[in-house]
Amino acid sequence: MAEEIINRVANSKLVTFNLEDLYPQGERVLFDIKDWLLEGFVLREKDFRES
């Protein structure tokens, strides 16, 4: 005799949500700090703040 298949995911307390609902509205601005990196790795805060 075959056992009844139980959907444990449907019976769990998992909550499903749509990530598009959480995505903030508005314009996006691209900001790249590579111009202020020393040797491409270290951000020098003083130079960055002056700019």
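**Entry 1. Burial and surface**

I began with burial and found that buried residues make up 0% of the 51 residues in the chain. I note at once that the model is a predicted one. I then looked up the surface and recorded that the chain exposes about 6000 Å². Carbon and sulfur atoms supply 55% of that exposed area.

**Entry 2. Elements and overall form**

I next asked how many helices and strands the chain has. I counted 2 helices and 2 strands. Reading from the N terminus, I wrote down their order as α-β-β-α. I then looked up the radius of gyration, which is 25 Å for this chain. The globule rule gives 10 Å for 51 residues, and the value here is well over that, so I describe the chain as more spread out than a compact globule. I also noted the box that the C-alpha atoms fill, roughly 75 × 30 × 15 Å along the principal axes.

**Entry 3. Charges**

I turned to the charges and recorded 7 positive and 11 negative ones in the chain. I found the mean positions of these two groups to be 6 Å apart.

**Entry 4. The aromatic pair**

I searched for aromatic pairs and the count came to 1. The pair consists of Phe31 and Trp36, whose ring centres are 6.0 Å apart. I asked why this pair is called stacked. The planes of the two rings stand at 25°, and planes under 30 degrees apart count as stacked. I then looked up the accessibility of each partner. Phe31 has 56% relative accessibility and counts as exposed, since exposed means over 50%. Trp36 has 23% and counts as partly exposed.

**Entry 5. Leu37**

I moved on to Leu37, which I located in strand S1, residues 37-38. Is Leu37 buried or partly exposed? I found a relative accessible area of 25%, so I entered Leu37 as partly exposed; buried would mean under 20%. Setting aside neighbours within four places in sequence, I found Leu37 in contact with Val42 and Leu43. I also looked up Phe48, which is 11 residues from Leu37 in sequence. From C-alpha to C-alpha, Leu37 and Phe48 are 8.7 Å apart in space.

**Entry 6. Asp21**

My last entry concerns Asp21, which I placed in helix H1, residues 19-22. I recorded Asp21 as exposed, with a relative accessible area of 62%. I then asked how many residues separate Asp21 and Gly40 in sequence. The separation is 19 residues, and the C-alpha atoms of Asp21 and Gly40 are 36 Å apart in space.

Conventions:
Residues numbered from 1 in each chain as written. Predicted model: local features only at pLDDT ≥ 70, side-chain atom pairs only at ≥ 80, totals over all residues. Heavy atoms only, no water. Helix = DSSP H or I, 4+ residues; strand = E, 2+ residues; numbered from the N terminus. Rg over C-alpha atoms; globule rule 2.2 N^0.38 Å. Buried < 20%, exposed > 50% of the residue type's maximum accessible area, 1.4 Å probe, protein only. Areas by Shrake-Rupley, 256 points an atom, 1.4 Å probe, with all protein chains shown as cover. Lys, Arg positive; Asp, Glu negative; His and termini not counted. Charge placed at Lys NZ, Arg CZ, Asp CG, Glu CD. Phe/Tyr/Trp six-rings, centres within 6.5 Å; stacked < 30°, edge-to-face > 60°. Contact = heavy atoms within 4.5 Å.
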